[in-house]
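Q: Please take a close look at a single part of this structure, the sheet, and at the side chains that belong to its setting. A connected account would be preferred to a list.

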Amino acid sequence: MQKILHYLVLALFIALMACSPQDGALKKLKIVSADGTVRHEYMVETADTHETLQHGLMGRTHLAHDSGMIFDTTIVPLDIPVIMWMKDTLIPLDMVFVDDSGTIFFIYENAKPNDITPIRPPKRPQAVLELNAGQVKIYNIQVGDKVKNKLLNNL
């Protein structure tokens, strides 16, 4: 009985880790329209190491409504293109590609779980923001909007 309880506690711990931020450090992120109206605010994790860039949201079974992950693509060597995919990602996502001024220049909506099709932006992004699928439509997030976050040095 004690051994079963131990395994149940371990399984619960692993499940909670899969649903929670890996480093525990959530940062505020705002998406602002061209006229300065805040479309929505999120609390996001930052993927800013090679390991976190490669792992991203893989294995997660849930992403809270007002959360996401922002990827710092400046650490990717310039001779390697920035390409996103959904391998081992279990939840559908919207991907928002941002240039060095914080301006959204490309949006990929409803990326399918476990899809290995490459998602290639038309130019190299400074950052990529991943949100729950449907957030782009719900908050009317558009190309030309600004992403404001500590990573982009504008919040």
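A: The account below begins with the order of the strands and then turns to rings, loops and cores.

The model is predicted, so local features are reported only at pLDDT of at least 70 and side-chain atom pairs only at pLDDT 80 or more, whereas totals for chains, interfaces and linings use all residues. Residues are numbered from 1 along each chain as its sequence is written, and side-chain values rest on heavy atoms, with hydrogens and water left out.

The sheet is open and consists of 7 strands in the order E5-E4-E6-E3-E2-E1-E7, with mixed pairing. Its edges are strand E5 (104-111) and strand E7 (146-149), each of which pairs on one side only. From one strand to the next, the twist averages 30°. Here strands (E, at least two residues) and helices (H or I, at least four residues) are DSSP runs numbered from the N terminus, and two strands pair if DSSP finds at least two bridges between them. For the twist, axes are lines fitted to C-alpha atoms (for helices, over the stretch in contact), and angles run from 0 to 180 degrees between N-to-C directions.

Three of the pairings can be followed in detail. Strand E1 (residues 27-32) runs antiparallel to strand E2 (residues 38-47), the two being joined over 6 bridges; Ile-31 has His-40 in E2 as its bridge partner. These two strands form a hairpin with 5 residues between them, and in the turn Gly-36 has a positive phi of about 95°. E2 also pairs with strand E3 (residues 67-72), here in the parallel sense and over 5 bridges; the bridge partner of Met-43 in E3 is Ser-67. Strand E4 (residues 93-98) pairs with strand E6 (residues 127-132) in the antiparallel sense over 6 bridges, and Val-98 is bridged to Ala-127 in E6.

The loop between E3 and E4 includes Thr-73 and Asp-88. Thr-73 counts as buried because its relative accessibility is 3%, while Asp-88 is partly exposed, with a relative accessible area of 38%. (Buried is under 20% relative accessible area, exposed is over 50%, and partly exposed is in between, using a 1.4 Å probe and protein chains only.) Leaving aside neighbours within four places in sequence, Thr-73 is in contact with Val-82, Arg-124, Pro-125, Gln-126, Ala-127 and Val-128, contact being heavy atoms within 4.5 Å. Asp-88 has a positive phi of about 60°, although it is not a glycine. Asn-140, in the loop between H3 and E7, is another non-glycine residue with a positive phi, near 55°; at 42% relative accessibility, Asn-140 counts as partly exposed.

The aromatic side chains add further links. A pair of aromatic rings is described by the distance of the centres and the angle of the planes. Rings of Phe, Tyr and Trp (its six-membered ring) pair if their centres lie within 6.5 Å; planes under 30 degrees apart count as stacked, over 60 as edge-to-face and the rest as tilted. A search of the whole structure finds 2 aromatic pairs. The rings of Tyr-42 and Tyr-139 have centres 6.5 Å apart and planes at 90°, so this pair is edge-to-face. Tyr-42 in strand E2 and Tyr-139 in the loop between helix H3 (135-138) and E7 are 97 residues apart, so the pair links distant parts of the chain. Both Tyr-42 and Tyr-139 are buried. The rings of Phe-97 and Phe-106, with centres 5.3 Å apart and planes at 50°, form a tilted pair. Phe-97 is buried at 0% relative accessibility, whereas Phe-106 is partly exposed at 22%. In addition, Lys-123 lies over the face of Phe-105, 4.9 Å from the ring centre; a charge sits over a ring if NZ of Lys or CZ of Arg is within 6 Å of the ring centre and within 35 degrees of the ring normal.

Phe-97 also belongs to the largest nonpolar core, which has 18 residues; Phe-71, Met-84, Leu-93, Met-95, Phe-97, Ile-119 and Val-128 touch the most other members. E3, E4 and E5 are the elements that give two or more residues to this core, and the largest share, 3 residues, comes from E4. Such a core is a set of buried Ala, Val, Leu, Ile, Met, Phe, Trp, Tyr and Cys residues joined through side-chain atoms within 4.5 Å. With neighbours within four places in sequence left aside, Met-84 is in contact with Phe-71, Met-95, Phe-97, Thr-117, Pro-118, Ile-119, Val-128 and Glu-130. Another core, of 17 residues, lies apart from the largest one and has Ile-31, Val-136, Ile-141 and Leu-152 among its members.
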